[in-house]
Every structure is written in C-alpha cells, then in structure tokens.
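Here is a set of exercises to work through with the model open beside you. Try each task before reading its solution.

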Amino acid sequence: MSASPEFALEGQETTGNPVEMLVVGCPLSVADGFANALRNQGQAAHLKIAESLEALDQQIAAEPSQLVILNTDEEAIPPVAAIEKIQAKTPTASILLVGKDKKVQRSLAIDYGLQDLIDIKDEAHVALAVRREHQALMLRQDLARLKEQLEEAESRSSQLVHSSRDAIAYIHEGMYLNTNQAYLDMFGYESPDEIDGLPIMDMIDAESRSAFKMALRMVNESGKHSEEFRCVTSDNQNFSARMVFSPASIDGEHCTQVMIRDQGQNLALQQRIEELTSKDSQTGFFNRQAFMERLESVLGNPEGDRKGHTLVQISISNYGDMRESCGFDCAEQMLTEVASVLAATATRAHTIARFGDHDFMILCDDKEPALEIAERCLHNLRGHAFKSNQETLAKPAYAIGVTKTDKAGEIHAHELINRSCRATGIARSEGDNRVVFYNAQIPGDTEHMAEADAAVVKTIDKALANDGFRLKYQPIVSLQGDTRENYSVYLRLIDEDGKEVIPDIFLSPARDPGRLAEIDRWVVRNAVRELANHRRNGQKIIFHIILSRAGIEDESMLLWICDCLREFRAKGAWLVFQFSESDLRNALQPAKELIDGLKRINCRIAINNYCEGDAGDGLLKHLEIDIVKLSPDFMRDLATDTAQQKRMNETNKRLQSEGYKTIASSVEDAGSLAILWNIGVNYIQGYFLQEPSSTITFEEEQ
C-alpha cells in the first residue's frame, strides 16, 4: 500500500529550512502549483523559473541549484542539454523529471542517474519527491560538516597525544600503529622506527602476558578499563605501570589506545596544591587552617597527649602603629623579617604558623622548656636589626603567650587557642615585650577583686575550661512576611549549684578583655555548631549573636568566626552579629574593620539599643548596618501614650526609608503588639511572645 504524500515524510524536520527550487521548462502557473503543493504539506519553498536555455545559463551562473525540476515535454529546452548544463555546474544536484512521456523520462533518468520521474499533473507527488530530496540534501550537508569536524578533532587529538606527558600508544591486533614520544622514552626507545613491526607483547613481562591479553579482549566487551602490569624496557629493566585501555580509531581503522599516566607529574601537582592550600604565601609558614588541622591531629593522638605540647603565641602588639608610621609596604616587610627570625630560632621539631595578620603560633613538645623557647624568640626579635624600618624610630613590640596542655586531662584545640589568646592579651596589657605563661598567672589573677567577684571569675574560668556555659534562644518574629526563623542567642553561666546566672551578674567581674573575648569565642563556636545542626535538618534559621566590646577589639575574632564556619560547614549568611551602640561608639575603628570583614563573608550587622540622636545616626552613616534594634525605651507606655506612638512611628518610618530593617524589643503586652503591627516594624521580640529557651521552638498563639 503506497503512502499518502501528505504523511509519507511525517517527522522529518524540514519545514524550518525553505526549499530552494529551480523549475526548468514549466510555465509560471505550473511552477506555482508545485510550490503551493509544498506549502500545503507544510514545507516553505523559494521558487526560481527558467523557460529557456539562456535563462537556465543565467540562473545556474548566478547561483548553482541543488534541487531542479525539469519538464521533458518542453521542446524549447532539450532535456539532455539542460541536464548536462546543470550537472556540469553542480554535480551533486538532485534532478526530478516531470512530463507525460514516461518512456523518454525513464531512459534519461537511467542514463544520467537522476532522482525521480513523475507525472507533471501529480503535484502532490512532485511535492513529496521535492521534500525527500531536500531532506537528503540537508543530511549530506550535515554529514560533510561532521566529517570536517571529525578531521579537525582527530588532528587536535593527534597533536595533544604527541605533546602529552602521559605515555600513549595505539595498537591493532597486538602491533603498534602509533606512539608518542613519552611512550618511547618510558620504554627506552628514541624513535618510532625502532618499534615499527614490534609486538606490544615484547614490552610486557612474561608473567603478565596472559593477563594483558585478557585486558585487550575486555576493551571490545566492556570498553574503557585499567589494570596494572609488569613492563620491560629496551634494556630489559622491569617496572610496574597502570595501563588504561580504551577503544579508539585511526584513519577509520578500529584500534585500542593504551595510556600510562605520568604519576610523577600528578604527584608534583598534588604536592604543589597541598602547599598552596596549607602555606602562607608571604612567610612560608603553615596558614591558620592548616595549623588548626595539625593541632587537632596532635591533640587527638593518645601518644601526643602523653607527651604533652605547648603553644607559644607571638603577637606584634604595635603593628597598627608601625603601619601608620612607616607605611603598609614597610610593615609587610617587617612581618617577613619577623618570620625569618622565628624560622631561624625554632628547631625543626616545631610547627610554626602565621595565625593572624600579625600573630604567629609555635607548637612544640616537652623536649624543650616552652618558656625558654618564648624568651629566646623574644631575645632574637629584639636584637634583630630590621632593614624595613631604618628610616623611622618606631620599633616592633611583642606580646607572647605560652600555653601548655595538661597531660592528665583532655583539651580541645579551640580551647587551647582560647587560653593562648588570653595569655597573649594579658601580656599585651602589661606592656611591651612581655611573656605570660597561662597556667602560672591567669588563673590566679583575682587577688585584687572582692571575694564574691573573685569567686565568679573562678567560676567563669572553670566554665571556659569545662564547657560550663549554656545558650538560650529567643524568637524574633517577623511582622512583614519573613519566612525564616530568627532567634536571638543569649548566654547563661551554670554555677556550682547548677543554677543559671545571667550575663549582667557574671560579666561585670570579668572585666579582663581577654576573658570577655574568650567568652565571645565560646558563644560564636557553640552557636554556629547548633545552627549548622538545624540547617542540616532543613530549618531556615538565622541566629543573632551579640559580641562585646572585647570581641570587637579582639583582632583574631574575624578569623575565629571564619574557622567556626569552616569547621561546621556553615554560611555567613545564616548569622546576624549584634553590637551595642555604646560599644560601637567607644571602639569605632576596630568595629569598622570587624564589620567590613563580616560583610565580606555575607554576615549581616545589627545595632542594639538604638536611641534617637546624633550619636546613633552618626554610627549608621559610618558603619554598614543592616538591622536596627530599637532601645526598650521606645516601648515604655507605648500602648497608652500617643506621643510615644508618634515617636516610634516616625523613627521606624525614617529608618526603613533609609534601607534598615527594624526590631522592636521588650514587647510585653498585647496592646503594644497591636500598635507595632499598625506602625509596620519589621520584627518584634520580647517575653510576651516567648522567654529565652534552651530549645529552638516557637508556637504562635492561636
């Protein structure tokens, strides 16, 4: 059963490519009939007509035609002459004969290898044949393009093979077809002529030959695979090589590619990558991340715990002043010189790291007294004649903290770093070029305090050493459709009776900046760990973490936050850091530096206890603040005092118009909540909603 012309080519993608069709010897009405039949079948067509040999010469001279319909009944155009002209100009042209004399058409079609002969009145059949030939033309063009691309790809592949450091050979039926220079060098040959006609089996050790034959057979069965064999060089030296087999072809002939990876190159590259990721480029010491990994490994090793280790932290305490007095380049050169002095002072058994911008860490064991190492470092540093600052009278000053692990008990790497930072902070506060040993001085630094305060400080020190703090979480509820769960993080101290102590009570005696910064670091690390756990469970939680002034002024705080994010695989965008207005005002420059760093890791910044006035507005202009947490003073009598409501409304509207989100804190009653809803603050927080809780749960009242 013959196919219907309308459906015979269904599914062929030709309609998007118009047919360029030359009709020879047909009147315009007949040629239009062919074109209309094509359009009825969904195929666009561009029509050209030649009604004489002269017109045909002009058409094919102007633009060779790939698809021609020739009317054999037209006496003015001899078919043989027309066919010869067309094929002479375009040998690959498809020629369809139309007419009434089938006998003449059949003879011409056979003699000249034409594509079809059709009754001139059967327009649908003509259209079907044109579509078929058009499709064949596009396939030929695609094939030609693909062949050209294949040749280019094979040429590039050949160039890559010959320039590759990996040893590569192509074999067929056990004989070499082609090899690169790396392959020849590996087996001790100088040129391809030396292995011409040589079976690959001659380069395989006798014990491996049967397995090698099986590997070659597997290429045809399972494709690419790899296996290790014993190989033999030209001077009969044996070596092991992992060969990768894969099917290939050369000049259309199927073969097998054998590749031996350059392991030396891979090893060198891996070592270089490890060096770049673990070393500080300026000093050549371990960077902070690599040092923390090393420290965690040492402390986690039972044998290391028995030996005991000591951290020596060396900080250039006046680095900021040095940079201002002699310039950035001079200060950086001075850092490099400090590193060279430390490298010459410390023995090979010590691990040295650049821990911060101008802080260095030395990890050493108990073979040498730690205080002697610290004193020797300080002596050599003070005696060094710095080339970088010869034109200025300023000299670098140092603060050194020494912290020792306890052989009898376990200590985590982060806790050891905390102690080291505290000792270094004490050394910095005592003056230039001081060495402070953590165990000897810091725990006993309570004699000047009242008995009650001294007891609190000892409780704090015990809590820092034994994880004696707890975190509380209070929800910050959105009134503007924020679907994320926001929580403010609060700290509680657990006293000897197991009761919770609020910060207002225990932070006042702990006025030592090093101790307060250490508390901040404890909060950050434990909050990030808790946040990461909830994020892994699919909860969209944001933590608002409060940092003290000591945390602002702690130069290592930003790096500590980055370490915590890396350790628990958390993101900075999950955190909002809150600072009180007074702390920002009293430590403006370090606050700006810290906030700039936090913004670079996508954290958001909030200001607490915002009050109207020049001080608060000045901070907003100088610092990159995202969220303003209004002072509880705004909430006083808000439900009943219209003046207070107006004040709250104007302040909120102004802040939001300047691009800040607003939080109303200390919401204690339903009346105030209704006012805040109408005013349009972004968030609310207070005991009326929920008091701080040890668990992250919040249920809205129905």
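**Exercise 1: A hairpin**

Task: describe the hairpin formed by strand 8 and strand 9, and find the residue in its turn with a positive phi.

Solution. Keep in mind that this is a predicted model. Begin with the turn: 5 residues lie between strand 8 and strand 9 in the hairpin, and Asn236 in the turn has a positive phi of about 65°. Next, look at the pairing. Strand 8 covers residues 225–232 and strand 9 covers residues 238–250; the two run antiparallel and are joined by 8 bridges. For one position to check on screen, find Ser226, which sits opposite Val244 in strand 9.

**Exercise 2: The whole chain**

Task: work out how many helices and strands the protein chain has, and what percentage of its residues is buried.

Solution. Start with the secondary structure, which comes to 25 helices and 24 strands. Then turn to burial: of the 702 residues in the protein chain, 47% are buried. Finally, consider contacts between residues at least 6 apart in sequence: 64% of them join residues at least 24 apart.

**Exercise 3: The largest pocket**

Task: locate the largest pocket and say which residues are closest to its centre.

Solution. The volume of the largest pocket is about 1,300 Å³. It is lined by 48 residues, and His358, Glu553, Asp554, Glu555 and Ser556 are the closest to its centre. Now trace where the lining comes from. Elements that each supply at least two lining residues include helix 9 (288–300), strand 11 (309–316), helix 14 (413–430) and helix 18 (513–536). Also among them are helix 19 (549–553), helix 20 (557–567) and helix 22 (588–600). To finish, sort the lining by class: 18 residues are charged, 16 polar and 14 nonpolar.

**Exercise 4: The nonpolar cores**

Task: find the residues with the most contacts inside the largest nonpolar core, then follow the contacts of Ile417.

Solution. The largest nonpolar core holds 86 residues, and Ile417, Phe543, Phe577 and Phe579 have the most contacts inside it. Helix 18 gives the largest share of this core, with 10 residues. Another core lies apart from it, with 30 residues that include Leu335, Val338, Ile352 and Ile400. Back at Ile417, set aside the neighbours within four places in sequence; Ile417 then contacts Phe291, Met292, Leu295, Leu311, Phe355, Met361 and Trp560.

**Exercise 5: Buried, partly exposed or exposed?**

Task: decide whether Glu20 is buried, partly exposed or exposed, and which residues it touches beyond four places in sequence.

Solution. Glu20 belongs to strand 1 (residues 19–24). Its relative accessible area is 41%. Buried means under 20% and exposed over 50%, so Glu20 is partly exposed. Leaving out residues up to four places away in sequence, Glu20 touches His46 and Leu67. As a further check, the C-alpha atoms of Glu20 and Val68 are separated by 9.0 Å, although the two are 48 residues apart along the chain.

**Exercise 6: Positive phi in loops**

Task: place Glu173 and Asn602 in their loops, and assess the accessibility of Glu173 and Asn602.

Solution. Glu173 is in the loop between strand 6 (167–172) and strand 7 (175–179). Phi of this non-glycine residue is positive, near 55°. Glu173 has 73% relative accessibility and therefore counts as exposed. Asn602 is in the loop between helix 22 and strand 21 (604–610). Phi of Asn602 is also positive in a residue other than glycine, near 75°. With 54% relative accessibility, Asn602 counts as exposed.

Technical notes
Residues are numbered from 1 along each chain as its sequence is written. This is a predicted model: local features need pLDDT of at least 70, side-chain atom pairs count only at pLDDT 80 or more; totals for chains, interfaces and linings use all residues. Side-chain values use heavy atoms; hydrogens and water are left out. On a 1 Å grid over the protein atoms alone, a cavity is a set of points where a 1.4 Å probe fits but cannot get out, and a pocket is an open set with protein on both sides within 12 Å along at least five of seven lines; lining residues have an atom within 4 Å of a point. Grid points are joined across faces, edges and corners, and a volume is the space filled by probe spheres set on the points. Helices (H or I, at least four residues) and strands (E, at least two) are DSSP runs, numbered from the N terminus. Ala, Val, Leu, Ile, Met, Phe, Trp, Tyr, Cys and Pro count as nonpolar, Asp, Glu, Lys and Arg as charged, and the others, Gly among them, as polar. Two strands pair if DSSP finds at least two bridges between them. A nonpolar core is a set of buried Ala, Val, Leu, Ile, Met, Phe, Trp, Tyr and Cys residues joined through side-chain atoms within 4.5 Å. Buried means under 20% relative accessible area, exposed over 50%, partly exposed in between (1.4 Å probe, protein chains only). Contact means heavy atoms within 4.5 Å.
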